[in-house]
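This briefing concerns an assembly of several chains and the ways in which they meet. Please consult the sequence and the structure shown here alongside the points below.

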Amino acid sequence: MLQTDQYIINIGPQHPSTHGGLHVEALMDGENVVDAIVHLGYVHRSIEKIAESRTYPQFVPYASRLDYLASHLPTLGYCQAVEKMMGIEVPERAEYLRVIMAEFSRISSHLIFIGSMAIDLGATTGLIYCLRDRERIMDMFEMTSGQRMIASYMRIGGIAEDVPETFYAAARSFLDDLPQMIDEYNGLITGNEILQCRIKGVGTLSAEDAIAYGVTGPNLRACGIDYDIRKAEPYGIYDRFEFDVPLGTKGDSWNRYIVRLEEIKESARIIEQALDALPQGDIRTKVPRVLKPESGWEIYHRIESSKGELGYYIVADGGNKPYRLHVRAPSFINLMVLPIISRGGKLQDIIANIATLDPVLGESDR
Amino acid sequence: MEHWFTDIAQALVNWLMGLGLSAGWADFVLLIVQWLCIVMIVTINVIILIWLERKVSGFIQLRLGPNRLGPYGAFQTIADAIKLLTKEDIIPSRTDKWIFMTAPLFFIVVSVMLYAVIPMGDGMQVVDFNVGLLYFISIGSLSTICLLMAGWGSNNKWSMLGAMRAVAQMISYEIPLAISLLGVVMIAGSLRLSDIVVAQGNIWFVLLQPIAFITYFIAATAELNRGPFDMPEAEQELTAGAYTEYTGMRWALFFLAEYTNLVAVSALCATMFFGGWQGPGLPSWLWIIIKTYLIMLVFMWMKWTFPRIRMDHLMSFSWKILLPVSLANLVLTGFGLEFFKWMGWW
Amino acid sequence: MDISLADLAFIILAGFTLLTALGVVLFKNIVHSAIMLVFSFLGVAGIYFTMHAGFLGLVQILVYAGAISVLIIFAIMLVMNQDPEKTNLPSPNIPNIMAGTYLTILLVGALVGSIWFTSFPEKVAPVSGDELGLLTGLMLGDYVIPLELAALLLLVAVVGAIILARGAEHK
Amino acid sequence: MVLKQQADDDLEMMEKNGIIVTTLEKIWNWGRAHSFWPLSYGCNCCPIEMMAAGASRFDIARYGYEVFRASPRQADLLVVAGPITVKMAPAVQRIYEQMPSPKWVLAMGNCATSGGPFRDGYSVLPGADSLFKVDVFVPGCPPRPEALFHGLLELKQKVMGKK
Amino acid sequence: MDVFNLEAMLQELQQEMGEKLEIDEDAFFTYLKIDAQDLPALMETLRQRYGFNHLANLCAVDYEEEFELVYHLYSIPDNYKVAVKVRVSRNKAELPSIMDIYPTADWQEREAYDLMGISFQGHPNLVRILLPDDFAGHPLRKDFKKEG
């Protein structure tokens, strides 16, 4: 009888929907995906090797260049890892400001997620609306650190600078306007029937697979597993805040989208509580100029980044530089399931799946 | 003002006949002149349209859009056109050269041919064909082959995939397109476009045939390969689909043809559903321009708002929803007409 | 002038049709042949137009140039699995040549015979007025049963094709 | 009509040798300078600022440079945004070669200009100019959208022959 | 298992494994040190019996003479944690792959192979993941020198 030929189509490394240098080699049967092979490393900047030649504080800027969409989160994780290893206490005010910044980072990262998902599905305008609102967060970051995106704001032992007076008003007004923004996204993106057809029931990941493949973060919670490191193993002062962990049910692209949309609201709740409880005081403890953890000390510290479990494994050798620094990048691990959820779908579903897995290639390739 | 263009044409014919040409040859020369006029109108129109599209997208996306070059950025497209004309013309070595090179030319010729039957005003038609609508549809169906040629000739998987999508999409949507227009034809009782315009003297057909209008509009969007049905181009998936390998000039021709098609389909929409060139006060050729542009604005609005539909949904939508609906509309129109005749209202 | 516009148009179109038809036969690349076929269909449509058979010409474009040729090109692309440059060139062996000669003689004979035995009247009055209405009357009035039967046949063919294609998917 | 292979180098050489750029050439350059269509390519932080540049606050469209093309065949401007890694280098090189001339390269960010903070790494090339000729360097890590605009406008001046 | 008890688990494991298992502890983690050939068995036990279903991190460290591989394990959703350490010698840097037990080890093992040059026996597709295929050397090794 009739039979069809299979062919390979290369998505990337230069392709508008690969969020940077990702290369997916898709084995196609017509419009159907038979298999997908992911090639990484196009943004591999040898950060782990560079870390071995930088002192502990010097690595902070590199950490912020891991996940450039939410640059406060990786720096927070790194600083906390070193603090934990060295037993450094962070002042209260700094802790609160860290939470505020981290959650704003999460919101900005999720805004980029929503926007880039919209544009990957062909709705160019969605991106512009998200970027418009993200600009306000960028303004706040610039206000506090002088940099819009990659602010090395977290420091070992605290934060770089105290926030200016104007920050509070800006933050409050952003939080006030957030419901309205989300309504707008719901009108433009969430409520669109074509978009719902595109991502509902697409790229379904079962809960078992998600755990087996080490998927974390919103992608895991979209499968219905209540696992958020902020709750499960609270770091910093996260145990003081009240927030819900939004969960999906099916683990499809739609759930991954909705979970992130809901997480924006939860982050806003956390920020509001932190702003209310923000104490006065120091923003940084006295940290020795040269940090020298003792030889043989090692630590694995993980935080809930906007993409999932972001872990730092640091081994010290008694010098002022890490002996080995390994980043457990959530994007790297999450991308592993792309072939699994793409098989049997359509070519256009691969694009939707990449978008809703929300990888950030700088982090995944390091 | 109303008869400017028809008077000029008449004067031209008279002058030519005064030079000693037979009536047939004079008509032939007039035809060529009209043809050149259409090409000019199309080119200028596209330059305006691209500027408009960029402004509209800016408006929808809360941006300003081009505004540095000329008043409101009006010269922006001219700069783009100059640039595209002077770009290097790359013909990749592995392409099927003849097909690759002729596809854009064929495409633009086909799209300009569409204008032959569109009534651009009272008596302003290149050819007043008695099967004008059929002409429009059948010439429109040829653009499928151009896209197929582009995709095949490029010898690129993205292009081929884009072309395959384009063909599948255009063939599937041609059927509801044609059938939805038949409802109008049944009421007007003619395939001649000028008759259809005249038949709308009292009431626009959009009011008599709302279902046909909606199915036509959706099918036309798909025929035009515009968002949310821009499968063949599908920038986020297929980079540039069937046009991936085309550079500068040749790519510009595709672009030109797409916008030319847009104007033609919108003008047909105005003619079929919105009373064509009829309207109070203003001259007829201005009315059709106004109506066409308003319809095009809706097309742009859709493009900049909706995400792209998935290929299999697209196909099933055409065959499972659009086609039955347009067929049902046809049957309904038939019964309605008979009922009206029986009641003596028609 | 000696030749009228209509004659000139006929000559150009006939020449175009013949050239493209030759192209269909002579091109080495089967895809080129298929595209030449499209142009040849268009040429035939043009000839219909010169004969004031606009409806027929448009149906020729819509059905043959627009639909059938796409079908042909698709069929070629889907079944072709070797170099397109070689697909169209029949190997010049004796059975091929004999079959070709036989077919040529048969077709030319049929053509010559039909021209020979047709009595061309001096003047045929062109259908005046509503040619479309006349055609419609014939198709949906006098010959409605054959028309519907043909439609039914095509429907059966379409359903059969779908079943064949589905079969491949289930395998 | 179609100008083939009119590379920058030729123009510069012509100018040096005192060949007057004709009026036609001026018109062409005017068109080119006002219509850089960037390739939507990027691999790190800088593309996010490029996206921001396209959004409402900064709006690159004002200058007419918002037509991001996905296919290198239709792009005029390669914005190298982000570090060029050893794995990416062949791909970027190929993209550059696929673009039709006249074409321009803008190195956006420290990574693309010099390797930036990752210069010490084993897998990062020291800047885009180690692969091809770069017309404009925009420093910053990442540069603000305004800096990108500045770079583009400088490039505009360069193409129009005013610099 | 009703209520998880780390002490009880360690005792059980120590009894079963005996000499092969060495237990170490610091402020943050309990480390189970084991030889390469016993790794899959230990991992299997940890996953099946004690519910450590989340292999959070797999990292290789170059200690001049030897490589140490660290596996950080968590259980979802109970959130118990343990780390497994394996040492392999530099000359013969190979150990069994645990991809069958933890599918998530797939890319992490490939990464360790790519950057550290440790080969995992039984991994179906052990090729470079971050660096191009023609890259010479394994850059995260301490003796790696950047070319040029």
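The points below treat the contacts between chains, two interfaces of chain A, and a sheet in chain D.

The model is a predicted one. Seven pairs of chains touch, and among these the pair A and E has the most contacts. That interface buries about 3,400 Å², while the area buried between chain B and chain A is about 2,500 Å².

**Chain pairs**

- Of the seven pairs of chains that touch, chains A and E share the most contacts.
- Chain B and chain E are not in contact, and their nearest C-alpha atoms lie 24 Å apart.
- Chain C and chain D likewise have no contact; a distance of 25 Å separates their closest C-alpha atoms.

**Interface of chain E and chain A**

- On the side of chain E, 42 residues take part in the contact, and they meet 38 residues of chain A.
- Carbon and sulfur atoms account for 60% of the roughly two-sided burial, which comes to about 3,400 Å².
- Phe28(E), Trp107(E) and Leu130(E) are the residues of chain E that lose the most area to chain A, and together they make up 21% of what that side buries.
- Four salt bridges are counted between chain E and chain A.
- One salt bridge joins the side chains of Glu111(E) and Arg366(A), with an N to O distance of 2.8 Å.
- Polar contacts link 17 residue pairs across this interface, with both residues of each pair at pLDDT 80 or more.
- Four elements of chain E each supply at least two residues to the side that touches chain A: strand 3 (54-63), strand 4 (66-74), strand 5 (81-89) and helix 3 (105-116).
- Strand 3 of chain E gives the largest share of that side, with ten residues.
- By class, the side of chain E that touches chain A comprises 25 nonpolar, seven polar and ten charged residues.

**Interface of chain B and chain A**

- Chain B contributes 25 residues to this contact and chain A contributes 32 residues.
- About 2,500 Å² is buried between the two chains, and 60% of this area comes from carbon and sulfur atoms.
- One salt bridge is found across the interface of chain B and chain A.
- The side chains of Asp349(A) and Arg310(B) form a salt bridge with an N to O distance of 3.0 Å.
- Eight residue pairs are in polar contact across the interface, both residues being at pLDDT 80 or more.
- Helix 6 (157-188), helix 10 (235-238), helix 12 (284-305) and helix 13 (311-343) of chain B each provide at least two residues of the side that touches chain A.
- The residues on that side of chain B divide into twelve nonpolar, five polar and eight charged.

**The sheet of chain D**

- Chain D holds an open sheet of three strands in the order 1-2-3, with parallel pairing.
- Strand 1 (77-81) and strand 3 (136-138) of chain D are the edge strands; each has a single partner strand, so one side of each lacks a neighbour in the sheet.
- From one strand to the next, the twist averages 20 degrees.
- Five bridges join strand 1 of chain D to strand 2 (residues 104-108) of chain D in the parallel sense.
- Within this pairing, Leu77(D) is opposite Trp104(D) of strand 2.
- Helix 3 (residues 45-54) of chain D packs on the sheet, where it touches strand 1 and strand 2.
- The direction of helix 3 of chain D makes about 130 degrees with that of strand 1 of chain D.

Definitions and conventions
Residues numbered from 1 in each chain as written. Chains lettered and ligands numbered in written order. Predicted model: local features only at pLDDT ≥ 70, side-chain atom pairs only at ≥ 80, totals over all residues. Heavy atoms only, no water. Pairing = 2+ DSSP bridges. Axes fitted to C-alpha atoms, helices over the stretch in contact; angles between N-to-C directions. Contact = heavy atoms within 4.5 Å. Buried area = accessible area lost by both parts, 1.4 Å probe. Polar contact = N/O pair within 3.5 Å; in protein donor to acceptor, adjacent residues only side chain to side chain. Nonpolar A, V, L, I, M, F, W, Y, C, P; charged D, E, K, R; others polar.
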